[in-house]
Amino acid sequence: MNNNETATVYFPFAGNYYLFHWYTYDNRGHIILAKNEKSLYLIAEKIIDNYAGIQIKDFLKIELVGPSEKLVKLIENKIYEENVQLFLREVRAELYCIEDTQLPKQFMVCDNYSETEEKKLEDDPNHYICDNCFEGIKLKDLTPEEFYHKYKNRWLEVHSDNCNEPKDEEEFLLSFKAEQSKASPARDDEEIYKVIDDFGPHASGLCLEVLKYDDIRTNPVLFYFRKLEELNKNTLEEIKDKYRKITEMKTKKEDEEFNKRGIERHRRIIEKVLKVFSE
Ligand SMILES: [Zn+2]
């Protein structure tokens with residue numbers, strides 16, 4: 001099994017860490033990990049000083065864990081099911097080049113249109129939402145799983161020349177390789193958290209979520225962790241308050257100076273005007 005087919009993480013390490021999760025409207029969610037509390041405070045203070053309107057979301061002592069046995073199994077099953085469907089779609093996309101009358105013997109034109117009530121279309125001659133086929137074509141005498149096992153390797157061999165060199169942006173993404181976690185696996189029955197990325201317009205950035213076994217995603221996560229302690233956010237709130245007061249004082253002083261300059265300018269204008277018309 002390769003890393004693309006199992007539960008992987010972008011931060012594959014083990015051990016205890018101090019975690020600071022912060023959010024701003026412009027910059028969204030971020031996470032800082034430090035090996036000790038003192039370092040975390042130092043970094044947190046710099047961040048709070050730099051980002052106005054910062055929200056202190058979480059301040060925790062955590063232990064990194066690997067995915068539990070149950071989670072690994074669920075993710076592997078889901079990836080397998082996705083791969084079976086993806087393979088069928090990939091093949092279907094190339095079957096468009098072949099006349100229906102010349103379809104390979106493993107396929108047939110769908111003769112049994114079926115749709116669920118909730119996704120009913122008025123008219124669907126191409127079977128776009130037919131439950132029995134992929135856009136008009138279906139497997140004959142083979143389940144999608146059987147088809148996957150029988151033909152996937154052969155398909156890859158024949159299509160090996162399709163694998164072009166990755167483009168720049170793909171190379172950039174590939175440089176963040178997800179790996180199997182080196183941390184000891186969590187127990188199936190304990191509460192664990194995951195750090196996920198939620199990027200894009202109006203998205204949350206990095207977020208912390210309780211892991212739910214009925215809502216599994218197959219994409220790698222940043223890491224899984226066990227919460228050891230909720231740390232006191234008061235010190236961070238005090239730091240935030242201190243910087244808010246400094247900023248307010250600075251702004252107040254700047255406003256006062258601005259107003260003073262305005263009054264002075266105004267006074268000079270009046271003085272000059274009156275001087276011209278005084279005789
Ligand atoms: Zn159909």
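Two residues are in contact if their C-beta atoms, placed from the backbone, lie within 7 Å. With that idea in hand, the buried residues of helix H2 can be said to pack against helix H3. The structure described here is a predicted model, and a look at the whole chain helps before turning to its helices.

The chain holds 5 helices and 8 strands. Followed along the sequence, these elements come in the order β-β-α-β-α-β-β-α-α-β-β-β-α. The radius of gyration is 30 Å, well over the 19 Å that the globule rule gives for 279 residues, so the chain is more spread out than a compact globule. The C-alpha trace spans about 105 × 60 × 45 Å along its principal axes. Of the 279 residues, 16% count as buried. Among contacts with a separation of 6 or more, 74% join residues that are 24 or more positions apart.

Helix H2 covers residues 69-95, and its axis comes within 10 Å of that of helix H3, residues 144-158. The two axes cross at roughly 65°, and the crossing is left-handed. On the H2 side, the residues that meet H3 are Val-84, Gln-85, Phe-87, Leu-88 and Val-91. Their partners in H3 are Pro-144, Glu-145, Phe-147, Tyr-148, Lys-152 and Trp-155. Sorted by class, this contact has 8 nonpolar, 1 polar and 2 charged residues. Val-91 also appears among the buried residues of H2, together with Leu-71 and Ile-75. The length of H2 can be checked as well: at 1.5 Å a residue, its 27 residues should span 39 Å, and the end C-alpha atoms are 39 Å apart, which agrees.

Lys-70 also has its place in helix H2. Is Lys-70 buried or partly exposed? It has 14 C-beta neighbours inside 10 Å and therefore counts as partly exposed, since burial takes 20 or more such neighbours. Leaving aside residues up to four places away in sequence, Lys-70 touches Asp-188 and Tyr-213. Glu-254, by contrast, lies 184 residues from Lys-70 along the chain, and the C-alpha atoms of the two are separated by 60 Å.

Helix H5, residues 234-276, can be checked for length in the manner used for H2. At 1.5 Å a residue, its 43 residues should span 63 Å, and the end C-alpha atoms are 63 Å apart, which agrees. How many of the 43 residues of H5 are buried? The count is 2, and H5 is hardly covered. H5 does have a helix packed against it: helix H1, residues 37-50, lies with its axis 9 Å from that of H5, at an angle of about 35°. This crossing is right-handed. Tyr-41, Ala-44, Glu-45, Ile-48 and Asp-49 of H1 meet Thr-235, Leu-236, Ile-239, Lys-240 and Tyr-243 of H5. The residues of the contact divide into 6 nonpolar, 1 polar and 3 charged.

Finally, the loop between strand S4 (107-109) and strand S5 (137-139) deserves a look. His-127 sits in this loop, and so does Glu-135. Phi of His-127 is near 55°, a positive value in a residue other than glycine. Glu-135, likewise not a glycine, has a positive phi near 45°. As for their surroundings, His-127 is buried because 20 other C-beta atoms lie within 10 Å. Glu-135, with 17 other C-beta atoms within 10 Å, is partly exposed.

Definitions and conventions: Residues are numbered from 1 along each chain as its sequence is written. This is a predicted model: local features need pLDDT of at least 70, side-chain atom pairs count only at pLDDT 80 or more; totals for chains, interfaces and linings use all residues. Axes are lines fitted to C-alpha atoms, for helices over the stretch in contact, and angles run from 0 to 180 degrees between N-to-C directions. Helices (H or I, at least four residues) and strands (E, at least two) are DSSP runs, numbered from the N terminus. A crossing is left-handed if the near helix is turned anticlockwise from the far one by less than a right angle, and right-handed if clockwise. Ala, Val, Leu, Ile, Met, Phe, Trp, Tyr, Cys and Pro count as nonpolar, Asp, Glu, Lys and Arg as charged, and the others, Gly among them, as polar. The expected span of a helix is 1.5 Å times one less than its number of residues. A residue is buried if 20 or more other C-beta atoms lie within 10 Å of its own, exposed if 12 or fewer, and partly exposed in between; C-beta atoms are placed from the backbone. The radius of gyration is taken over C-alpha atoms; the globule rule is 2.2 Å times the number of residues to the power 0.38.
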